[in-house]
Amino acid sequence: MARWLLHVDLDQFQAAVEYRRHPELRGQPVIVGGNGDPDEPRKVVTCASYPARGYGVRAGMALRSAARKCPEAVFLPLDIPCYEEASEEVMARLRTFTDQVEVWGWDEAFVAVDTEEPEESARAIRAAVEELDLTCAIGIGDNKLTAKLATGFAKAVGKPGVAASDHPGAHDGMFRLTAANWSEVMAHRPTNALWGIGSRIAARLAELDIHTVGELMAADRSRLAAEFGPTNGPALWVMSRGAGDTEVVTKPPPAVGRSRSETFARDLVDPAEIGAQVARLAAEVAAEMIEAGRIATRVSVTVRTSTFYTRSKQSKLPEPTTDIPTIVDTALRVLDRFPLDRPVRLLGVRLELAPVTQAPGNGDDPPPGA
């Protein structure tokens, strides 16, 4: 049996969940974000339905801007528990096919299947997702890179301005991309078509006269190493040839940190109020950390001003601790290192965590500071 990786990507996930519980909204442009109020300042779109995207609405856009682009849209508040529950339904359904499921957020996962007919498995998975009143696209690949890229092609067909002839292998919400058709599908595309190459790396490649995936495939690896480093340079060359990770991690690695941040409806100017907000965020994230059975080793504070200037500072704790007052005091001492001479738009606190082997409950002695 051949081993294939399927990348399952749920369509317009948050909007689709809202359509599922509000069938009367189907076909209407739906925008999810903030508290569902388009006049709410500093809140952004987290998901736009396909009809809303037709008006130019995109995730990350300010709700006010989205309302101007699509005034007839239905705005709905972000409902995280509802989306988490829907996601868990889907992932549980995927695990009925195999235990080799690696979850990537609410709306996507890699699934490893041993079969000679991966399209048959993909069709069965799509049918199972549709039974939950949701839909998905599936990329079929011989590694994570090819599977992830294949999903993009599967989603593209049927969208306005995209001809099916551009992706002749895409049908029924599926696309197969492997070493066998890699050059045919990818060589003529720009380098930023590769998963992992953004606009900045693509611009640096263009300075080397490398504009397409095919040109990157033919590039001198030593030249890439000189420009991007001895590890990253050759890795770009390997990526351009469609090579990628094949391991499916069914259990996510322990988090190395936990954080909380907040963008305020009005800018904060009073240092006492700024300090109170940092103390609150530090206490909240520390409580989350303790509930997860972890220990903090370092505290970081992020400040974003009204001009969007963002900076973070950090301090190592004297010893790993779960003591909330110690964590709060450390966060406030870090805050004291900021000038606070401009109105503050956002504050954040992040805790770096000790390895799991040092977590409470793994030994006979209580953790330091407990």
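Is Ile201 buried, partly exposed or exposed? Let me start there, since a residue like that is an easy way into the fold. Its relative accessibility is 26%, so Ile201 counts as partly exposed. One thing to keep in mind for everything I say today: this is a predicted model.

So, where does this isoleucine sit? Ile201 belongs to helix H8, residues 199-207. If you skip the neighbours within four places in sequence, Ile201 is in contact with Gly196, Phe228 and Leu236. Take the Phe228 pair: 27 residues separate Ile201 and Phe228 along the sequence, and their C-alpha atoms are 9.1 Å apart in space.

Okay, zooming out. The protein chain has 370 residues, and 43% of them count as buried. You've got 13 helices and 12 strands in the chain. Along the principal axes, the C-alpha atoms fill a box of roughly 60 × 55 × 50 Å. The chain exposes about 18600 Å², and 51% of that comes from carbon and sulfur atoms. And on contacts: if you take those in the chain with a separation of 6 or more, 67% are between residues 24 or more positions apart.

Now the inside. The largest nonpolar core has 33 residues, and the ones with the most contacts inside it are Leu94, Val111, Ile125 and Ile138. Which elements give two or more residues to this core? On the helix side we have H1 (13-21), H4 (80-94) and H5 (118-130), and on the strand side E1 (3-10), E2 (30-32), E6 (108-114) and E7 (136-141). H4 gives the most, with six residues.

If you want one residue to click on, try Ile138. Not counting residues up to four places away in sequence, Ile138 touches a whole list, including Leu6, Val8, Ala122, Ile125, Met174 and Phe175. There are some other side-chain types in that list too, among them His7, Arg126 and Thr151.

Let's stay with H4 for a minute. Quick geometry check: with 15 residues at 1.5 Å a residue, H4 should span 21 Å, and its end C-alpha atoms are 21 Å apart, so the two agree. The buried residues in H4 are Cys82, Tyr83, Ala86, Ser87, Val90, Met91 and Leu94. Looking down the axis of H4, those buried residues fall within an arc of 165°, so they line one face of the helix. Turn to the face pointing away from that buried side and you find the exposed residues Pro81, Glu85 and Glu88. And what covers the buried residues of H4? The cover includes E1, H1, E2, E6 and H5, plus strand E5 (101-103).

You can play the same game with H13, residues 324-335. Its 12 residues at 1.5 Å each should span 16 Å, and the end C-alpha atoms are 16 Å apart, so that agrees as well. Buried in H13 are Ile327, Val328, Thr330, Ala331, Val334 and Leu335. They cover an arc of only 160° around the axis, which puts them on the same side of H13. Their cover includes helix H12 (271-291), E10, E11 and strand E12 (344-353).

Next up, backbone oddities. Most residues other than glycine have a negative phi. Asp133 isn't a glycine, yet its phi is positive, about 65°. Asp133 is in the loop between H5 and E7, and at 39% relative accessibility it counts as partly exposed. Phe308 does a similar thing, with a positive phi of about 70° and again no glycine. Phe308 lies in the loop between strand E10 (296-305) and strand E11 (310-321). Is Phe308 buried or exposed? Its relative accessible area is 51%, and the cut-off for exposed is over 50%, so Phe308 is exposed.

Last topic, cysteines. How many disulfides does a search of the whole structure find? Zero. Cys70 is in no disulfide, and the nearest cysteine sulfur, in Cys47, is 13 Å away. Cys70 is also buried, at 0% relative accessibility. Then there's Cys136: its closest cysteine sulfur is again in Cys47, 15 Å away, which is too far for a bond. At 1% relative accessibility, Cys136 counts as buried too.

That's my tour, so over to you for questions.

Note on methods. Residues are numbered from 1 along each chain as its sequence is written. This is a predicted model: local features need pLDDT of at least 70, side-chain atom pairs count only at pLDDT 80 or more; totals for chains, interfaces and linings use all residues. Side-chain values use heavy atoms; hydrogens and water are left out. A nonpolar core is a set of buried Ala, Val, Leu, Ile, Met, Phe, Trp, Tyr and Cys residues joined through side-chain atoms within 4.5 Å. Buried means under 20% relative accessible area, exposed over 50%, partly exposed in between (1.4 Å probe, protein chains only). Helices (H or I, at least four residues) and strands (E, at least two) are DSSP runs, numbered from the N terminus. Contact means heavy atoms within 4.5 Å. The expected span of a helix is 1.5 Å times one less than its number of residues. The arc is that of the directions from the helix axis to the C-beta atoms. Accessible areas come from the Shrake-Rupley method with a 1.4 Å probe; for residues, only the protein chains shown count as cover. A disulfide is a pair of cysteine sulfur atoms within 2.5 Å.
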